[in-house]
Amino acid sequence: MKILSQQWQDYLNSPFSRRHLLRLGAQLSGALALGAMPGLLHGAARRLTSLQADPFTLGVASGDPTADSVVLWTRLDNDILREMGAELDTIEIAYEISTSESFRNVLRQGVIIAPAELGHSAHAEVRGLQADTVYFYRWQLGNITSPIGRTKTAAAADADIQQLRFAVASCQQYEHGYFTAYQHMADEHFDLIVHLGDYIYEKSWGQNLVRAHEGPEIITLANYRARYNTYKSDPDLQAAHASAPWIVTWDDHEVDNNYAADIGEDDQTPEQLLMRRTAAYQAFYEFMPIRLPVGRQGPDMPIYRRLRFGKLAEFNVLDTRQYRSDQACGDGRKQSCAEHLDSSRTLLGGAQKEWLYNGLATADATWNVLAQQIMVASLRSVGDAGEELWPMDLWDGYPFERQELLNVLDQAATPNPVVLTGDIHSNWAANLQLDFDNENSKVVGSEFVGTSITSGGDGRDMSDYGTALLDNNPHVKFYNAQRGYLCATLTPELWKTDYKILPLVTQAGADISIRKTYITEAGNPGVQEG
Ligand code: FE
Ligand code: CA
């Protein structure tokens, strides 16, 4: 807190006065709008022909596939542009896409801009593609060609597909370990990779750090960009991005630990947190393969969205940070208090909640996924004096809205709801029951919580903490706190989750193995040992 105070002081004494930042916020919104309309700036862009060095040092990525389109991403190395005197210029950049890795037949090519206002990130939304098809893509800047990326479109909404295979990742504190998990993920050539947030961390924490962030806690747009640069420079992460399309959402550390809407962790005013959010959300867009969110404006960036993969699966991608009421009773593990039980508190916010409930009421895919951040199943513990403790940052901290969600799943009879969760740096499998206080209450869905890529360091299989929580929460069936990712294989009859783990992340190159498999049968909600 002391460090941040000094930082805030320096920050507020800098040219980034409140007025300056509000003006900057407006400009950033403008910059994001320009990103959506590359054609309009086409004439103003600069064409670079001869480069001395590779500008594609952050790799390539693709994301948010639909049945006929996908977003292709890259970002030009700003140091190299600076050396060429082009750092303030908007740059023309070409892409091509093919069904063959050798690019024998180039299916589509185009030129878009990498705007200076967006730090020379490039987002090409390529349309008119075939459904359920693997494509390869690459970028071209002058004489330099980028690495090749592999991507895949979604199946048409009414298509009967027999399988979808995807990985689930979250929480990749760069200083806590090597991204070995991503190397293994890349080797699997998934249909899809889902990232549930904590893609970057805003500050250092923990012990036994194996590598260092480029600076202290991040606050400004320049800070957030530098942090993404650090993470994106990792070759294993780049390999995973190049191996499959990603669906990303954010958690708290993309802005500030455990922030809630406009309330930060430390001594920041809501106004300061919103300035920070403006910078953080802009950097997120710049570095992620996503379409420009409709309705973004300054600190507001709606990223919740729905993606469909044939009749087999639909993903409701949620944001449980931007709209939530502040954590009750002081956050952390606490006894319930009046605030905790206040039915006016929200986790999803009104607009997202209405959108989600409407979607769940009309859902017709076999598997209906909630891809989100924090654990839905209750994870209460017992304190030293026998008192009941609630983790206030999780859905446990918002019991009214959780009950509402469970009731919607039950009453709307949403087919096979499955929740995917990150955030807590451990693996869990749980039944979603209508009443977590009644072991015999109806099971309405399954929850698979995926561990971190690196956050928390090597971790271990079991601990007293894990044992106590399993004992106290009979709807929770499995716990493990090593590092890795989930591998989900979906068919019309079965959802299979393999919990893939590494023995350690503090050294690079560890082997991956399946620690445990849990399944859910279609039509039979709840998790079973596979
Ligand atoms: Fe995390
Ligand atoms: Ca988190």
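The exercises below concern a predicted model and treat its domain contact and a metal site.

**Exercise 1. Describe the contact between domain 1 and domain 2.**

Solution.
Step 1. Set the bounds: domain 1 covers 39-152 and domain 2 covers 164-529. Their C-alpha centres are 30 Å apart.
Step 2. Count the residues in contact: domain 1 provides 28 and domain 2 provides 27.
Step 3. Take the area: about 2,200 Å² is buried between the two domains, with 49% of this coming from carbon and sulfur atoms. On the side of domain 1, the residues that lose the most area are L58, D64 and R150, which together make up 31% of what that side buries.

**Exercise 2. Find the polar links between domain 1 and domain 2, and state which strands and residue classes form the side of domain 1.**

Solution.
Step 1. Count the links: there are four salt bridges between the domains, and 20 residue pairs in polar contact, both residues being at pLDDT 80 or more.
Step 2. Locate the strands: at least two residues of the touching side of domain 1 come from each of β1 (60-63), β2 (70-75), β5 (121-126) and β8 (149-152).
Step 3. Sort that side by class: eleven residues are nonpolar, eleven are polar and six are charged.
Step 4. Examine one salt bridge in the model: the side chains of R291 and E125 meet at 2.7 Å, N to O.

**Exercise 3. Work out which residues coordinate the calcium ion (ligand 2), and where they lie in sequence.**

Solution.
Step 1. List the donors: D198, D251, D252 and D423 each coordinate through OD, at 2.3 to 2.6 Å.
Step 2. Write their spacing: D-x52-D-D-x170-D.
Step 3. Place two of them: D252 is in the loop between β11 (246-248) and α8 (270-287), and D423 is in the loop between β18 (417-421) and β19 (427-433), so this pair ties together parts 171 residues apart in sequence.
Step 4. Look for a second metal: the iron ion (ligand 1) is 3.7 Å from the calcium ion (ligand 2), and D198 coordinates both.

Conventions
Residues numbered from 1 in each chain as written. Chains lettered and ligands numbered in written order. Predicted model: local features only at pLDDT ≥ 70, side-chain atom pairs only at ≥ 80, totals over all residues. Heavy atoms only, no water. Domains from an automatic or database assignment. Contact = heavy atoms within 4.5 Å. Buried area = accessible area lost by both parts, 1.4 Å probe. Polar contact = N/O pair within 3.5 Å; in protein donor to acceptor, adjacent residues only side chain to side chain. Helix = DSSP H or I, 4+ residues; strand = E, 2+ residues; numbered from the N terminus. Nonpolar A, V, L, I, M, F, W, Y, C, P; charged D, E, K, R; others polar. Donors = N, O, S within 2.8 Å, 3.2 Å for Na, K, Ca; no water.
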